[in-house]
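I opened this notebook to record what I looked up in a structure that was new to me. The entries follow the order in which I worked.

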Amino acid sequence: MPDDRPIRLLLSGDLSFGPGKAELLGKIRELGSVQEAAAAMEMSYMKAWKIVKGLNLRFREPLVTMQRGGKDQGGAHLTPAGEKLLALY
């Protein structure tokens, strides 16, 4: 019988990547905002921001770019590295 449980990758040090972080990146890609992605997942903005900041620091290249500026000028987008990680995951 196939195992349908999500995969969690435990990488070097305290770096891990699993279904929650993958969902957060997917929501950021879909919604263009860390705040909106967090709300869609019923997660605090601060927790989502800390996850994104941690991923950006621990991977060789940032996974998410963020720009301040409010609803009309700010936003967040996956980098090519973030897109590749999601595709491989």
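**Entry 1: The chain as a whole**

I noted that 35% of the 89 residues of the protein chain count as buried. I also recorded at the outset that this is a predicted model. I then looked up the secondary structure and found five helices and four strands in the protein chain. Read from the N terminus, these elements follow the order β-β-α-α-α-β-α-β-α. I next turned to contacts between residues at least 6 apart in sequence, and found that 40% of them join residues at least 24 apart.

**Entry 2: Helices α1 and α5**

I recalled that two packed helices are described by the angle between their axes and the distance between the axes. I therefore looked up both for helix α1, residues 19-31, and helix α5, residues 80-88: their axes come within 10 Å and cross at roughly 130 degrees. Are α1 and α5 parallel or oblique to each other? I entered them as oblique, because the angle of roughly 130 degrees lies outside the ranges for roughly parallel, roughly antiparallel and roughly perpendicular. The crossing in which α1 passes α5 is left-handed.

I then listed the residues that meet. From α1 I wrote down Ala 22, Leu 25, Gly 26 and Arg 29, and from α5 Glu 83, Leu 85 and Leu 86. I sorted the residues of this contact into four nonpolar, one polar and two charged.

**Entry 3: Asn 56**

I located Asn 56 in helix α3, which covers residues 45-58. Is Asn 56 buried or exposed? I entered Asn 56 as buried, because its relative accessibility is 17% and the cut-off is under 20%. I looked up where its side chain points and found that the side chain of Asn 56 reaches the backbone nitrogen of Leu 63 at 2.7 Å. Setting aside neighbours within four places in sequence, I listed Pro 62, Leu 63, Val 64 and Met 66 as the contacts of Asn 56.

**Entry 4: Ala 76**

I found Ala 76 in strand β4, residues 75-78. Its relative accessibility is 1%, so I counted Ala 76 as buried. Which residues does Ala 76 touch, not counting those up to four places away in sequence? I listed Ile 28, Gly 32, Ser 33, Val 34, Val 64, Thr 65 and Met 66. For Val 64 I also looked up the separation from Ala 76: the two are twelve residues apart in sequence and 6.5 Å apart in space, C-alpha to C-alpha. I closed by noting that Val 64 and Met 66 appear in the contact list of Asn 56 and in that of Ala 76.

Note on methods. Residues numbered from 1 in each chain as written. Predicted model: local features only at pLDDT ≥ 70, side-chain atom pairs only at ≥ 80, totals over all residues. Heavy atoms only, no water. Axes fitted to C-alpha atoms, helices over the stretch in contact; angles between N-to-C directions. Helix = DSSP H or I, 4+ residues; strand = E, 2+ residues; numbered from the N terminus. Left-handed = near helix turned anticlockwise from the far one by under 90°. Contact = heavy atoms within 4.5 Å. Nonpolar A, V, L, I, M, F, W, Y, C, P; charged D, E, K, R; others polar. Buried < 20%, exposed > 50% of the residue type's maximum accessible area, 1.4 Å probe, protein only. Polar contact = N/O pair within 3.5 Å; in protein donor to acceptor, adjacent residues only side chain to side chain.
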